[in-house]
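Biologist: I have some questions about how this one is put together. Put it up and let's go through it.

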Amino acid sequence: MGITTFLSGSASVFGVPGKNAAELLIADLNAKGGILGVPLRPIFIDEGAGINQLMSEYRRVVLNEKAEVMLASVSSASCLALTPVAEDLEVPNILWDCSSPRILEDNNYKYSVRTQSHSGAEMLAAALYLVKNKADFKTVAGVNQDYAAGRDQWGLFRIALKALKPDVEIVAELFPKFGAPDYSTEISRLQALRPDVIVNTSWGGDLDTFVQQASARGVMTQATFVFPLGESSLQRLGGAMPAGVIIGGRGDHYFLHPKYAQEPAFREFVERYREKTSAYPIYPVLHMAQAISALEGAYKKAALTNDVPWPSKEQLMAAFRGLKFRGLTSEVSIREDNQGLEDQLIGTTVRVPEYGFAVLDRMSIYPAELVTTPIGAKSADWLSQIRLETANDPSIETFEAKK
Amino acid sequence: MSIQTILLAALDGLSYGAQVFLVAVGLSLIFGVLRIVNVAHGSFYAIGAYVAASFSLLIAAEGWSPWLTYPAMILSACLVGIVLGGALEVGLLRRIYGKEQVLQLLVTFAVFMILEDMQKAVWGVSPYFIDAPLGLLGTVNILGINYSIYQLVIVPFFAAVVLVSLRYVLRRTRLGRIVTAVTDDREIAAAMGVDATRIYLLTFMIGASFAAFGGALASGSTSLVPGMGAGMTILSFAIAATAGLGRIEGAAVAALMIGLGRSLAVYMAPEFDVLVPYLIMFLVLLFKPQGLFSVQQTRKV
């Protein structure tokens, strides 16, 4: 199997944990005899080398190294570029971490399948959590990275929020440069505008810098902040991240998951991951677990349905549709359109003495069926139809504040 | 646009401009004297930042006074400039002076790529994050807006110190005159008994130290990520080109223009935030292709 992931550049904050997880999980799988008795050999490809290089490396790994299945990618730009290549090469392609809903909504692919949610579901869950948990707010500002995903995510969040709360006023939409070292002006402007809510879909170094500079200037306590991708930054931010910030985990991912943290398999994985990397797992680690679990499930299902020792790639792709599998948290299923249905976990930060960084409390889990764009609909259109009742839907699981 | 907006934008632009000035002035100085376009310049910025961050972590781990992080920044800048800058000049650049500029670009680009990988090997890929410098000095309230003293006072202060002392050294001291003479004509200066090789080395170390110092100051307010050097290389090229390559004061004015332009854009047209530095560069080069502060060159035959 080929795995494309960021091993260089700023997105390696996701890519390297993803690779570490893959190594750990594949070693486990091979120790059990692999999939249907066939051991897995991963070949990692660096997404950080640029789209052209990525595409030729991807072809090389499929054609020369004879990879039978590919896991691509962290970045939506990589996924958008690689999915047509996978069709062309007729190689099963698992979208393991990329978030753009457009990849599967605008195309009909035979060989690509997504084993996780997309940003439509992620942004909707964050907006639902916000309107439910923050009673009166009238003004919202967005600060988002100036690149495709930053603009798309803010666009989707904005549509969902406007649909849920039509009277809300968007007072600023700022798009600082991707990788910007300085947010002085943005922070000054936020202080002048004093919005009730500030939404920032950044990640990695950009989110760290923003929180660090905003925190130093006392802005973090002036508004309710919403960081839909913030779960991946909590450990690094340490004391700079205050309590009361709304944080999302791009799916049903958190190392202190309210339902699974005490489960032996989950606990053991968290400990082993921590031994290997000296950090707690973040969402790309759990996305990788989902992709590998889906792969194993689909091979076994295909072998069983077709009564063959090793399924063909057509049989494998057919097996993905309707497949139910579990990574390390809740069960994920794959729809007819190859899109994964994954629950969404959102919480609010608290400070506790056990950890040197902020942890999540008052978590809510939004079931995938409630927040995922239905088959055939486009996320932007569907999100604009969302009604406020959805925020109080009985299928949402809420977890009370801990002492 | 109110007076208040302009004032706030100016204050924000100042801190940003000061930071990029430090990097751009190093690039400009090196080009002015050595006539070499150093693509690896941003690497000094990144490595200066990483070294300063490592010192901060050490200071925190040993339980020493957090105030030591400030002198540690100056120390890391000198260390990176002298050791790394010196090694690069002696080991590599010395062989390619006077060669075609394409070759110089390729060689320094290769160095940039090697240093990028070296940073990853030494410091890993996870963002580094040092909060002592920003937190120690607290904030000041101007027109209802909290500014961090570190970003508003300390960073511009150091940039001003660099600008003034560089001007002073180049204009008023014997060393400065020697540097100017070598810049003007290396051969004649050498014939007069100037050790031009030493001046080249010294200039390169100083230029690299400025970039590293810019990085060290940045480590106090920004998180350090792989690839941060590339962005700074591009921006400092834009500033140096706007000013005219080799122009020291010009780099300060251009850095301030770009800082101010960016801040105003965030207030008035946030969509153009990213575009502004290059828009300014484009407009300037359209009317003055040699840069704002270029001087007439006499062509040597």
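Biologist: At what angle do the axes of H2 and H10 of chain B cross?
Modeller: Roughly 135°, in this predicted model. The axes of H2(B), residues 41–62, and H10(B), residues 228–243, come within 7 Å. Axes are lines fitted to C-alpha atoms, for helices over the stretch in contact, and angles run from 0 to 180 degrees between N-to-C directions. Helices are DSSP runs of H or I with at least four residues, strands are E runs of at least two, and both are numbered from the N terminus.

Biologist: Any ground rules?
Modeller: Residues count from 1 along each chain as its sequence is written, and chains are lettered from A, ligands numbered from 1, in the order written. As this is a predicted model, local features need pLDDT of at least 70 and side-chain atom pairs pLDDT 80 or more, while totals for chains, interfaces and linings use all residues; side-chain values use heavy atoms, without hydrogens or water.

Biologist: Back to H2(B) and H10(B). What do we call that geometry?
Modeller: Oblique, therefore, for H2(B) and H10(B). The classes are roughly parallel under 35 degrees, roughly antiparallel over 145, roughly perpendicular from 65 to 115, and oblique for the rest. H2(B) crosses H10(B) in a right-handed way. Right-handed means the near helix is turned clockwise from the far one by less than a right angle; anticlockwise is left-handed.

Biologist: Which residues make the contact?
Modeller: H2(B) brings B:His41, B:Gly42, B:Tyr45, B:Ala46 and B:Ala49. H10(B) brings B:Met228, B:Gly229, B:Met232, B:Thr233 and B:Ser236. Contact means heavy atoms within 4.5 Å. The split is 5 nonpolar, 5 polar and no charged. Nonpolar covers Ala, Val, Leu, Ile, Met, Phe, Trp, Tyr, Cys and Pro; charged covers Asp, Glu, Lys and Arg; the others, Gly among them, are polar.

Biologist: And H3 with H9 in chain B, at what angle do they pack?
Modeller: About 140°, for H3(B) at residues 69–91 and H9(B) at residues 196–218, with axes 7 Å apart. That makes H3(B) oblique to H9(B). Their crossing is right-handed. Residues from H3(B) including B:Ile74, B:Gly81 and B:Glu89 meet residues from H9(B) including B:Phe204, B:Ala208 and B:Phe213. That contact has 17 nonpolar, 4 polar and 1 charged residues.

Biologist: Switching to the interface. How much area do chain B and chain A bury?
Modeller: About 3,000 Å², 53% of it on carbon and sulfur atoms. Buried area is the accessible area (1.4 Å probe) that two parts lose on being put together, summed over both. B:Phe129, B:Asn146 and B:Val274 supply 17% of chain B's share, more than any other three residues. Chain B puts 34 residues into the contact, chain A 35.

Biologist: How many salt bridges between the chains?
Modeller: The count is 1 between chain B and chain A. A:Glu186 pairs with B:Arg262 at 3.8 Å, N to O. The rule is a side-chain nitrogen of Lys or Arg within 4 Å of a carboxyl oxygen of Asp or Glu. Over all chains it gives 24.

Biologist: What about A:Arg60 and A:Glu57, where do they lie?
Modeller: Both are in H2 of chain A (residues 51–63), 3 residues apart, about one turn of the helix. Their side chains form a salt bridge at 3.3 Å, N to O.

Biologist: Last one, backbone oddities. Which peptide bond is cis?
Modeller: The one joining A:Ala72 and A:Ser73, omega about 5°. A:Ser73 sits in the loop between S3 (70–71) and H3 (76–89) of chain A. Elsewhere, A:Glu90 has a positive phi of about 55° though not a glycine. Most residues other than glycine have a negative phi, and most peptide bonds are trans.
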